[in-house]
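Q: I should like to learn how the features of a structural model are read, one at a time. Where should such a reading begin?

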Amino acid sequence: MFSLHRFFRLGSISYWELVKRVYQKIMDDDCQSYAAATAYYFLFALFPFFLFLTTLMGYLPVPDLLANALDYTQKILPKQAFDMLEDNVLKLFTNKKTGLLSLGVLLALWSASSAVISVMNVMNRLYQVKEGRPFWKVRLIAFFLVIALSLLFLLSLILVMFGPRIGGLIAKFAHLGPLFERTWNILSIPVIPLMLILAVALIYFFTPDVKQKWRWITPGSVFAIPCWIFTSLAFSFYINNFGSYDKTYGSIGAVIVMLLWLYISGFIIFVGAVINAVIEHASVRGKEPGEKVEGERKGSGSLR
């Protein structure tokens, strides 16, 4: 049986002690304020990101890809936020001017990467390190993450839409038979959560200026995605059935709902990062707080 203590070498530290350390670090590092700040950056980067995403969709020979993407998004977002997102995305997708497309995509990539850089700053604070990477490298990492997250989203969407058809084609050309098709269809069910977990893992791996190992970013990734899906669905259900932001605030209610959802999403991502940091710092195999690379233990107040 898998043992968290044995795998991460946590010694005699109890699960309850880990929970208390995670909670204390969330409070001490003021993750709530960081989530509020990043929600502001996310809001400004959201539509440039979708401009970049819809541009990628245009190069894929997949029918109704945008419509299906919006359909899946509608299941997670509250109605007011989705309506605002849908209106703007459809305008971006249908009113493209070819002469300005390349410049628009570059500006969109730059804006979306700026939001990623804001996440980098928070991650460095959570790991108690200062950013030591040059500006150009930080920006390139942000560009890479925007592109990688976009591709993971599109790939998961295509597999969900055409998974059975793809499995049938592979079985037909490779002469693998119906057993392969059934196995393919079963294994393709959890594809979206796995893709999302990989996306969050990439964020945890590349954003802080520390040398990461996949071992230390797994707990937060596995926590963040189920928590985010459940919380998003619950938030959407509450807003759609009990919330009255549109009646109270009018047209600006959609912006408020979107900001709230972005705040919740950012907070969950940072909690996952805190879980990763606490587990690594508590392990005899991990880094000390403030260390960028595993090395000699510093200070006399180690928790080991």
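A: It may begin with the nonpolar core. In this predicted model, the largest nonpolar core has 52 residues, and those with the most contacts inside it are Met 123, Leu 126, Tyr 204, Met 258 and Phe 270. At least two residues of this core come from each of α2, α3, α5 (79–94), α6, α9 (191–206), α10 (214–241) and α12 (253–282).

Q: Which helix supplies the largest share of this core?

A: That helix is α12, from which 15 residues of the core come. Apart from this core lies another, of 18 residues, including Ile 117, Phe 143, Leu 152 and Ala 199.

Q: How is the setting of one core residue read, and what is Tyr 204 in contact with, leaving aside its neighbours within four places in sequence?

A: One lists the residues with heavy atoms within 4.5 Å. With those neighbours left aside, the contacts of Tyr 204 are Met 123, Gln 212, Ile 217, Gly 220, Ser 221, Ala 224, Ile 268, Ile 269, Gly 272, Ala 273 and Asn 276.

Q: Which residues form a nonpolar patch on the surface?

A: The patch is formed by Trp 110, Phe 135, Trp 136 and Leu 140, which together have about 510 Å² of accessible area. Helix α7 gives the most to the patch, with three residues. Trp 136 is found in α7, and its relative accessible area is 57%, so Trp 136 is exposed, the threshold for that term being over 50%.

Q: How are salt bridges read, and how many does a search of the whole structure find?

A: The criterion is a side-chain nitrogen of Lys or Arg within 4 Å of a carboxyl oxygen of Asp or Glu. The search finds seven salt bridges. One of them joins the side chains of Glu 17 and Arg 21 at 3.0 Å, N to O. Both residues lie in helix α2, four residues apart, about one turn of the helix. Glu 17 is partly exposed because its relative accessibility is 26%, whereas Arg 21, at 18%, counts as buried.

Q: Which parts of the chain does the salt bridge between Asp 209 and Lys 292 tie together?

A: In that pair the closest N and O atoms are 2.8 Å apart. Asp 209 lies in the loop between α9 and α10 and Lys 292 in the segment after α12, so the bridge ties together parts that are 83 residues apart in sequence. Asp 209 is buried at 13% relative accessible area, and Lys 292 is partly exposed at 29%. Salt bridges with shared partners join Glu 131, Arg 133, Asp 209 and Lys 292 into one network.

Q: Are Glu 280 and Lys 287 buried or exposed?

A: Both are buried. Glu 280 and Lys 287 form a salt bridge, with 2.4 Å between the closest N and O atoms.

Q: What is a disulfide, and how many does the structure hold?

A: A disulfide is a covalent bond between the sulfur atoms of two cysteines. The structure holds zero disulfides. As for individual cysteines, Cys 31 is buried at 0% relative accessible area, and Cys 227 counts as partly exposed at 25%.

Q: Finally, what is read from backbone angles, and where is Asp 30 placed?

A: One may look for a positive phi in a residue other than glycine, as in Asp 30, where phi is near 55°. Asp 30 is in the loop between α2 (15–28) and α3 (31–58), and is partly exposed, with a relative accessible area of 34%. Gln 128 also has a positive phi, near 60°. Gln 128 lies in the loop between α6 (98–126) and α7 (135–174), and is partly exposed at 46%.

Notes:
Residues are numbered from 1 along each chain as its sequence is written. This is a predicted model: local features need pLDDT of at least 70, side-chain atom pairs count only at pLDDT 80 or more; totals for chains, interfaces and linings use all residues. Side-chain values use heavy atoms; hydrogens and water are left out. Buried means under 20% relative accessible area, exposed over 50%, partly exposed in between (1.4 Å probe, protein chains only). A nonpolar core is a set of buried Ala, Val, Leu, Ile, Met, Phe, Trp, Tyr and Cys residues joined through side-chain atoms within 4.5 Å. Patches are made of residues with over 30% relative accessible area and no salt bridge: like charges are joined within 9 Å, nonpolar side chains (Val, Leu, Ile, Met, Phe, Trp, Tyr) within 5 Å. Accessible areas come from the Shrake-Rupley method with a 1.4 Å probe; for residues, only the protein chains shown count as cover. A disulfide is a pair of cysteine sulfur atoms within 2.5 Å.
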